Amino acid sequence: MASASISKALQALREGRFVLVYDADGREEETDMVVASEFVTQETVRTLRKDAGGLICTTADVRIQEKLGLPFLTELYQGMGPKYPVMSGLVPNDIPYDAKSAFGITINHRKTFTGITDKDRALTISEFAKLAKSAMATEDGWGKKEFGRLFRAPGHIHLLNTSSRILETRFGHTELSTALVIMSGLTPSATGCEMMGDDGDALSKEEAKAYAERHGLVFLEGAEVVEAWKEHRR
C-alpha cells in the first residue's frame with residue numbers, strides 16, 4: 001500500500017492541485033512545485049512564476065515522445081555538428097548530478113501571441129496535454145501531424161523528456177513528477193518549476209516544507225516517489 005503522503009499527493013494531483021517534490025540530498029537538492037499538465041490554468045502559471053520562480057517546464061513520458069516524435073535537445077545539437085561545429089562542443093556530458101539532460105524542444109501553441117504571458121503559457125501546456133492524451137489513443141502518424149498543425153517551435157514552454165524506463169536510470173524531477181501523474185491515472189505529463197529563494201539559491205528543503213505547511217500542500221521526498229513507483233510497477 002502507498003504511504004499516506006503519497007496517497008494524498010496523488011489525490012491532490014487528480015484535483016489539479018500542487019505537490020512539492022524534493023529530489024534528493026546530494027543531487028540537485030531542489031524542490032519543484034508540480035501539477036498535472038492537463039489541469040494547468042492561467043492561475044497555475046502565475047503561482048509557479050511568483051511562488052516558485054524557476055523555469056516552468058512540461059514533461060513527456062516515452063509514449064508521448066513516440067507518438068509526437070519528440071527529440072532530446074542534445075540529439076538535435078549533435079546532428080547540427082557538421083554545419084555548426086560549435087554545437088558538438090556543447091554536449092552536456094559533464095553534468096555533475098546526471099548522465100543526460102532531459103531537455104527537449106521548446107514550443108508555443110499557434111494561438112498564442114508572444115507565448116510568455118501566463119495566459120499563453122497555460123494555453124500551450126494544457127493543449128499539449130490534450131494532444132498527448134489524444135495521440136496515445138490514435139494510430140501512429142496522427143499525433144505528429146497534429147503537433148505541427150497546433151504548435152510552433154521554438155517557444156516559451158520547455159519540454160522535458162523522461163528516460164525510457166522511468167526511475168530506473170534517472171531520478172530527477174522529470175521522472176519523479178511524471179511517475180506521480182501516471183500513478184494518479186492522469187495524462188503522463190507533469191508541469192513543474194523549481195522553487196527559488198530570495199538569496200538567489202534554490203529554496204532550502206526546510207523552507208519548502210514550511211511553504212507546503214502554510215499552503216496545505218503535500219511535500220514529498222524523491223525516495224518516497226521511487227518506492228511508490230516500484231510498488232506501482234509490481
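I began with the lining of the largest pocket in this predicted model, and I found that its residues divide into 13 nonpolar, nine polar and eight charged. The lining counts 30 residues, and those nearest the pocket centre are Glu-28, Ala-102, Phe-103, Leu-160 and Arg-170. I then looked up which elements give two or more residues to this lining, and they are strand S2 (31–36), strand S3 (57–60), H4, helix H7 (173–183) and strand S6 (190–194). S6 gives the most, with four residues, and the space in the pocket comes to about 440 Å³.

Next I turned to the salt bridges, of which I noted a count of 14. Glu-28, one of the residues nearest the pocket centre, forms a salt bridge with Arg-27, with 3.8 Å between the closest N and O atoms. I entered Glu-28 as partly exposed because its relative accessibility is 24%, whereas Arg-27, at 16%, counts as buried.

I also followed Asp-118 to Arg-46, a salt bridge whose closest N and O atoms are 3.8 Å apart. This pair links distant parts of the chain, with Asp-118 in helix H5 and Arg-46 in helix H2, 72 residues apart. Asp-118 is buried at a relative accessible area of 11%, while Arg-46 is partly exposed at 30%.

Last, I looked at the surface, where Leu-76, Met-80, Tyr-84, Val-86 and Leu-90 make a nonpolar patch of about 460 Å². I placed Met-80 in the loop between helix H4 (73–79) and strand S4 (103–109), and I entered Met-80 as partly exposed because its relative accessibility is 32%.

Definitions and conventions. Residues are numbered from 1 along each chain as its sequence is written. This is a predicted model: local features need pLDDT of at least 70, side-chain atom pairs count only at pLDDT 80 or more; totals for chains, interfaces and linings use all residues. Side-chain values use heavy atoms; hydrogens and water are left out. Patches are made of residues with over 30% relative accessible area and no salt bridge: like charges are joined within 9 Å, nonpolar side chains (Val, Leu, Ile, Met, Phe, Trp, Tyr) within 5 Å. Accessible areas come from the Shrake-Rupley method with a 1.4 Å probe; for residues, only the protein chains shown count as cover. A salt bridge is a side-chain nitrogen of Lys or Arg within 4 Å of a carboxyl oxygen of Asp or Glu. Buried means under 20% relative accessible area, exposed over 50%, partly exposed in between (1.4 Å probe, protein chains only). On a 1 Å grid over the protein atoms alone, a cavity is a set of points where a 1.4 Å probe fits but cannot get out, and a pocket is an open set with protein on both sides within 12 Å along at least five of seven lines; lining residues have an atom within 4 Å of a point. Grid points are joined across faces, edges and corners, and a volume is the space filled by probe spheres set on the points. Ala, Val, Leu, Ile, Met, Phe, Trp, Tyr, Cys and Pro count as nonpolar, Asp, Glu, Lys and Arg as charged, and the others, Gly among them, as polar.
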